[in-house]
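User: Please take a close look at the salt bridges in this model and at the helix packing that goes with them. Give the cut-off for each term where you use it.

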Amino acid sequence: MDPVFKIPVPPQDTPYMSMNNIIATSFMTLAGLTGVGLGIRELRKTGSLLPLMLALSGAMICIPEVFYDVIGAVYFPWSESNHAFTILGREMPWWIVAGWFGYGAFMIFIYKLLESNPRTKTIWLMWAGAAASSVIFEEILLNMGVYHYYGNQPLIILTQLPWWWIPCNSVGVFLAAAIAYRYRERLRGWKSVSMLLITPLSVTAVYGFIAMPSWIAVNGDYPWLPTQLLGMATIALGVAVFAFILESVLGRHPFRPNYVPAAAPSPGENL
């Protein structure tokens, strides 16, 4: 803990794993390019620029990522040759830009799923699958040493990933995709460029809604039980916000699993 500010100090002795950073950056860049390719396909097929902008908007989350990292206690080792930008004194490697760029493919998947007007339980199952995939993927990356959590992290259930982070990221990008789908008629042409702002703000909004209990735990020196309860509070809030998005943005009854809207809500419709 910092002797003056009484908050966790970022690790100073974590090595920069050059090859592992290259592998992670390459993989996520490929995933992002897949999303861009799907967006271009939709542009040719439907004439809509929105899916392409949704895919590109994932990379913009790297900017507010710095704020999540400072308050949530995440550190990315970097080098002079792998340094994208510095905000709040945090040097961010190119890997994190590629990491969020890769989320663009996932957001297009959500967008296309919503276009198919599935049962509500299908959307819940999609989110559960995304959460499970996140656990596997992040545990791999953490064991590769491309980033590290520090501080009093709640809910480290397997090896290194604190599970309270899972709803923050997954619900955040779901909100962005849900907004794109809900307002797809308004976000035509040049207006679709607004997704470059909407997506990072959506993720930031979800962090603001649900992460505070875990932020308190991470930056404190609490016993085990209160720490875990604060992490569980974030997960519970994540479920609540996901249900809120289903009802308020998508016009669905979140706890009627077989519910299918008769028609997709229009942008001006009261839900």
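Analyst: Arg188 and Glu185 pair through their side chains in a salt bridge, with 2.9 Å from N to O (a salt bridge is a Lys or Arg side-chain nitrogen within 4 Å of an Asp or Glu carboxyl oxygen). The model is predicted, so local features need pLDDT of at least 70 and side-chain atom pairs pLDDT 80 or more, while totals for chains, interfaces and linings use all residues. Numbering runs from 1 along each chain as its sequence is written, and side-chain values use heavy atoms, without hydrogens and water. Glu185 has a relative accessibility of 44% and counts as partly exposed (buried is under 20%, exposed over 50%, partly exposed in between, with a 1.4 Å probe and protein chains only).

Searching the whole structure gives 3 salt bridges. Another of them joins Glu42 to Lys112, whose closest N and O atoms are 3.2 Å apart. Because Glu42 belongs to helix H1 and Lys112 to helix H4 (residues 94–115), this pair ties together parts that are 70 residues apart in sequence (helices are DSSP runs of H or I with at least four residues, numbered from the N terminus). Glu42 is buried, at 8% relative accessible area, whereas Lys112 is partly exposed at 31%.

Lys112 also forms a salt bridge with Glu115, at 2.8 Å from N to O. Both residues lie in H4, 3 residues apart, which is about one turn of the helix. Glu115 is partly exposed, with a relative accessibility of 37%. Glu42, Lys112 and Glu115 thus appear together in a network of salt bridges.

The two helices that carry this network each pack against another helix. The axes of H4 and helix H6 (residues 165–182) come within 9 Å and cross at roughly 50° (axes are lines fitted to C-alpha atoms over the stretch in contact, with angles from 0 to 180 degrees between N-to-C directions). H4 is therefore oblique to H6 (under 35 degrees is roughly parallel, over 145 roughly antiparallel, 65 to 115 roughly perpendicular, the rest oblique). On the H4 side the contact includes Trp100, Tyr103, Phe106 and Glu115, and on the H6 side Val173, Phe174 and Tyr181 are among the residues met (contact means heavy atoms within 4.5 Å). The residues of the H4–H6 contact divide into 14 nonpolar, 1 polar and 1 charged (Ala, Val, Leu, Ile, Met, Phe, Trp, Tyr, Cys and Pro are nonpolar, Asp, Glu, Lys and Arg charged, the others, Gly among them, polar). Glu115 thus takes part in the H4–H6 contact as well as in the salt bridge with Lys112.

H1 (residues 18–46) packs with helix H5 (residues 120–144), their axes coming within 10 Å and crossing at roughly 155°. H1 and H5 are therefore roughly antiparallel. Asn20, Ile23, Ala24, Phe27 and Met28 make the contact from H1, with Phe137, Leu141 and Met144 from H5. The residues of the H1–H5 contact divide into 7 nonpolar, 1 polar and no charged.

One further contact concerns Val260, in the segment after helix H9 (224–248). Val260 is partly exposed, at 37% relative accessibility. Apart from neighbours within four places in sequence, Val260 contacts Asn117, Pro118, Arg119 and Arg252. The C-alpha atoms of Val260 and Asn117 are separated by 6.8 Å, although the residues are 143 apart along the chain.
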